[in-house]
Amino acid sequence: MAKLYLTGSAFPPPYPSPKPTKASLCSSVSTANASRPIVVNGNPPSFVSAPGRRIVAVGDLHGDLSQARCALEMAGVLSSNGQNLWTGGDTVLVQLGDILDRGEDEIAILSLLRSLDIQAKANGGAVFQVNGNHETMNVEGDFRYVDFGAYDECMDFLEYLDDYGGNWEDAFLGWVGVSEKWKEDRKMSKNYWGSWNLVKKQKGVLSRSILLRPGGPLACELARHAVVLKIDDWVFCHGGLLPHHVAYGIERMNREVSHWMRGLTENDNDHPIPFIATRGYDSVVWNRLYSQDISDFAGYQNNQIYSILEETLQAVGAKAMVVGHTPQTVGANCKYDCSIWRIDVGMSSGVLNSRPEVLEIRDNTARVLRSKRDRFHELQVVDYT
């Protein structure tokens, strides 16, 4: 099992050694003042020890950079001045997947999170992501839910990458700072076609396929992330973990999905899809067992679900699970004695365009942070007991 101390050297490519940033100089919490170092086991990360850290979790973002910024600012980890600076000190941020589809700023959000991760590590914190069903669908080549603007972003980003001579790291990290200008320039261009036509769609699909096919550069970026992540006593995944997933092996699932995304197979023409994690109604990224409205079930069915959840948590050695995937129209909430937290609130304009909410975990106790009256500088705290 691979083990990584985030205050030390890192294995490439998932964890490049962080460079000092302006954020690391301005942060109120430095590495020197942090508790013990964060320890990561697995590649991609599967089990994390983050002693004494505040943890914040953010649900599905679906290509909406504006709403993503609002959520991260509300969580206290992103500067509000548009400079993309980490302000979370030694906080650990977890994003629960479904950054892709339904919105037009997917690569910009991924770029932002990677930049924040580098800055966070310089301050004793970290940023983790787990992949959702829309990440795995796109690597499969399933583009049914892609926003037209996202195809434009793929075309723009490939051109931007070419300007960098194919230097992925520099281009990817810089994209969030220039993506809006590229979007504006594209719409002002005499060659901008406005409404979609067949030729433009073909170019967009080709660009997306180049980036996201198994072994493609953006697929390899997604391969840095797990489908299941355990941090101390908390399990994070997109859809939901079940007992047979735990029996199969969390690190094994994460490794198999990562290898598939990287295109690392014996046969270059064969990229077998890790079924238990990514396909089927009860796979890790598709499971909705814990996220449905319990009023839809009879009492005995709720008891069965609770029993399955308890068995899963006991098997993995966790107190509670945090999931996204299924929009909660009542806002982020917990069920089954708060052993499951459902935090997808459909904040993207491509979903429900609801107000952002985040989950904060301090001293092993969770609470929901949400904005008041859509004013993101006025926070409301909801404690669950």
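This is a tour of a predicted model, stop by stop, with what to select and what is found there.

**Whole chain**

Start with the full protein chain in cartoon view. Its 385 residues are 56% buried, and its secondary structure comes to twelve helices and 14 strands. Take the contacts in the chain with a separation of 6 or more: 69% of them are between residues 24 or more positions apart.

**Helix α4**

Select residues 133-140, which make up helix α4. Seven of the eight residues in this helix are buried, so by the cut-off of under 20% relative accessible area the helix is mostly covered. The buried ones are N133, H134, E135, T136, M137, N138 and V139. Now add α7 (198-212), α8 (217-222), α10 and α11 (275-278) to the selection: the buried residues of α4 pack against these helices.

Next select E140, which also lies in α4. Is E140 buried or partly exposed? E140 counts as partly exposed because its relative accessibility is 31%. Leaving aside residues up to four places away in sequence, E140 touches W260, I273 and R279. For a distance label, pick the C-alpha atoms of E140 and S209: they are 9.5 Å apart in space, while the two residues are 69 apart in sequence. Step on to G141, which follows α4 and has a positive phi, near 95°.

**Helix α10 and the cis proline**

Select residues 250-262, helix α10, and within it N254. N254 is buried because its relative accessible area is 1%. Which residues does N254 touch, not counting those up to four places away in sequence? The contacts are P44, P45, S46, A226, V227 and V228.

Follow that list to P44, which is in the loop between β2 (39-41) and β3 (47-49). Show the backbone from N43 to P44: the peptide bond there is cis, with omega near 5°.

**Aromatic rings**

Show all Phe, Tyr and Trp side chains. The count of aromatic pairs comes to ten. Select F157 and W168, which form an edge-to-face pair with 5.4 Å centre to centre and 85° between the planes. This pair links distant parts of the chain, with F157 in helix α5 and W168 in helix α6, eleven residues apart. F157 and W168 are both buried.

Then select W175 and W182, a tilted pair with 6.0 Å centre to centre and 55° between the planes. W175 counts as buried because its relative accessibility is 1%. To see the wider group, select F157, Y160, Y164, W168, F172, W175 and W182, which ring pairs link into a cluster.

**The second largest cavity**

Keep W175 in view and turn on cavity display. There are five cavities of 30 Å³ or more, and the second largest holds about 50 Å³ of space. Its lining consists of E104, D105, G149, E153, D156, W175, S179, K183 and R186. By class, the lining residues are one nonpolar, two polar and six charged.

Which helix gives the most to this lining? Helix α6 does, with four residues. Color α5 (148-163) and α6 (168-188) separately, as each supplies at least two residues of the lining.

**Arginines over rings**

Select R208 and Y151. R208 lies over the face of Y151, at 6.0 Å from the ring centre. Then move to R252 and Y248, where the arginine lies over the face of the tyrosine ring at 3.7 Å from its centre.

**Two loop residues with positive phi**

Select D98, in the loop between β5 (92-95) and α3 (106-121). Its phi is near 60°, a positive value in a residue other than glycine. D98 counts as buried because its relative accessibility is 2%.

Finish at Y336, in the loop between β10 (333-335) and β11 (340-342). The phi of Y336 is near 55°, again positive in a residue other than glycine. Y336 is buried because its relative accessible area is 11%, and the cut-off for buried is under 20%.

Methods. Residues are numbered from 1 along each chain as its sequence is written. This is a predicted model: local features need pLDDT of at least 70, side-chain atom pairs count only at pLDDT 80 or more; totals for chains, interfaces and linings use all residues. Side-chain values use heavy atoms; hydrogens and water are left out. On a 1 Å grid over the protein atoms alone, a cavity is a set of points where a 1.4 Å probe fits but cannot get out, and a pocket is an open set with protein on both sides within 12 Å along at least five of seven lines; lining residues have an atom within 4 Å of a point. Grid points are joined across faces, edges and corners, and a volume is the space filled by probe spheres set on the points. Ala, Val, Leu, Ile, Met, Phe, Trp, Tyr, Cys and Pro count as nonpolar, Asp, Glu, Lys and Arg as charged, and the others, Gly among them, as polar. Rings of Phe, Tyr and Trp (its six-membered ring) pair if their centres lie within 6.5 Å; planes under 30 degrees apart count as stacked, over 60 as edge-to-face and the rest as tilted. Buried means under 20% relative accessible area, exposed over 50%, partly exposed in between (1.4 Å probe, protein chains only). A charge sits over a ring if NZ of Lys or CZ of Arg is within 6 Å of the ring centre and within 35 degrees of the ring normal. Contact means heavy atoms within 4.5 Å.
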